[in-house]
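Reader: I should like to learn how to read a model of this kind step by step. Could we begin with the overall layout and then turn to a single helix?

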Amino acid sequence: MTPLQIVILVVVILLMGIIAFPLINRRQFRNLPPDQQIRIIMKEAKGLIYFKNVSKGSSGTLFYVKNKRKILVFPWVLSDGKMLCTRDDPFERWDYPEEQQPINEDELKQLNEELEKFNKKNPVKLVFKSQSDN
């Protein structure tokens with residue numbers, strides 16, 4: 001092989017690894033059923049608090065994972081440059097585990113603090129119907 005062929009081969013492999021494969025993985029993840037998405041998110045959760053935003057263009061879902069065991073799901077649509085949560089009462093119960101335990105006061109306080117931190121870090125803010133009415 002000539003050096004030019006080796007360089008072209010290396011560039012093609014790098015482009016596939018950097019661009020093509022991650023796009024394929026994201027698309028496959030979005031097409032999984034919700035229970036399989038939750039299993040994958042729980043495995044990839046880093047730390048005690050973890051957010052994962054799965055976007056499908058102008059709509060999507062924000063997953064909040066606490067202690068790699070409890071998950072709260074915020075479905076959203078893009079509205080005025082913000083992610084508007086479409087769920088009526090998102091702070092009532094946990095979505096996972098299946099027992100859907102109610103969210104207690106301490107968890108609610110921590111959740112609000114973490115959502116504030118999330119909104120400070122991200123350019124597109126998550127807002128709720130009650131906040132957008134004001």
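**Reading the fold and one helix**

Author: From the N terminus on, the elements of the protein chain follow the order α-α-β-β-β-β-α-β-α, which amounts to four helices and five strands. Please keep in mind throughout that this is a predicted model.

Reader: How does the radius of gyration of the protein chain stand against that of a compact globule of 134 residues?

Author: For a compact globule of 134 residues one would expect a value near 14 Å, whereas the protein chain has 19 Å. Taken along the principal axes, the box filled by its C-alpha atoms is roughly 65 × 35 × 25 Å. Of the 134 residues, 28% count as buried, and of the contacts with a separation of 6 or more, 38% are between residues 24 or more positions apart.

Reader: What does the protein chain expose, and which atoms supply that area?

Author: The protein chain exposes about 9,200 Å², of which carbon and sulfur atoms supply 56%. As for charge, there are 21 positive and 16 negative side chains, and the centres of the two sets lie 9 Å apart.

Reader: Which residues of helix α2 are buried, and why do they line one face?

Author: The general idea is that an α-helix has 3.6 residues a turn, so residues three or four places apart point the same way. In helix α2, which spans residues 34–44, the buried residues are Q37, I38, I41 and M42. Seen down the axis of α2, these buried residues fall within an arc of 135 degrees, and therefore they line one face of the helix.

Reader: Which exposed residues does the face of α2 turned away from its buried side carry?

Author: That face of α2 carries R39 and K43, both of them exposed.

Conventions
Residues numbered from 1 in each chain as written. Predicted model: local features only at pLDDT ≥ 70, side-chain atom pairs only at ≥ 80, totals over all residues. Heavy atoms only, no water. Helix = DSSP H or I, 4+ residues; strand = E, 2+ residues; numbered from the N terminus. Rg over C-alpha atoms; globule rule 2.2 N^0.38 Å. Buried < 20%, exposed > 50% of the residue type's maximum accessible area, 1.4 Å probe, protein only. Contact = heavy atoms within 4.5 Å. Areas by Shrake-Rupley, 256 points an atom, 1.4 Å probe, with all protein chains shown as cover. Lys, Arg positive; Asp, Glu negative; His and termini not counted. Charge placed at Lys NZ, Arg CZ, Asp CG, Glu CD. Arc of directions from axis to C-beta.
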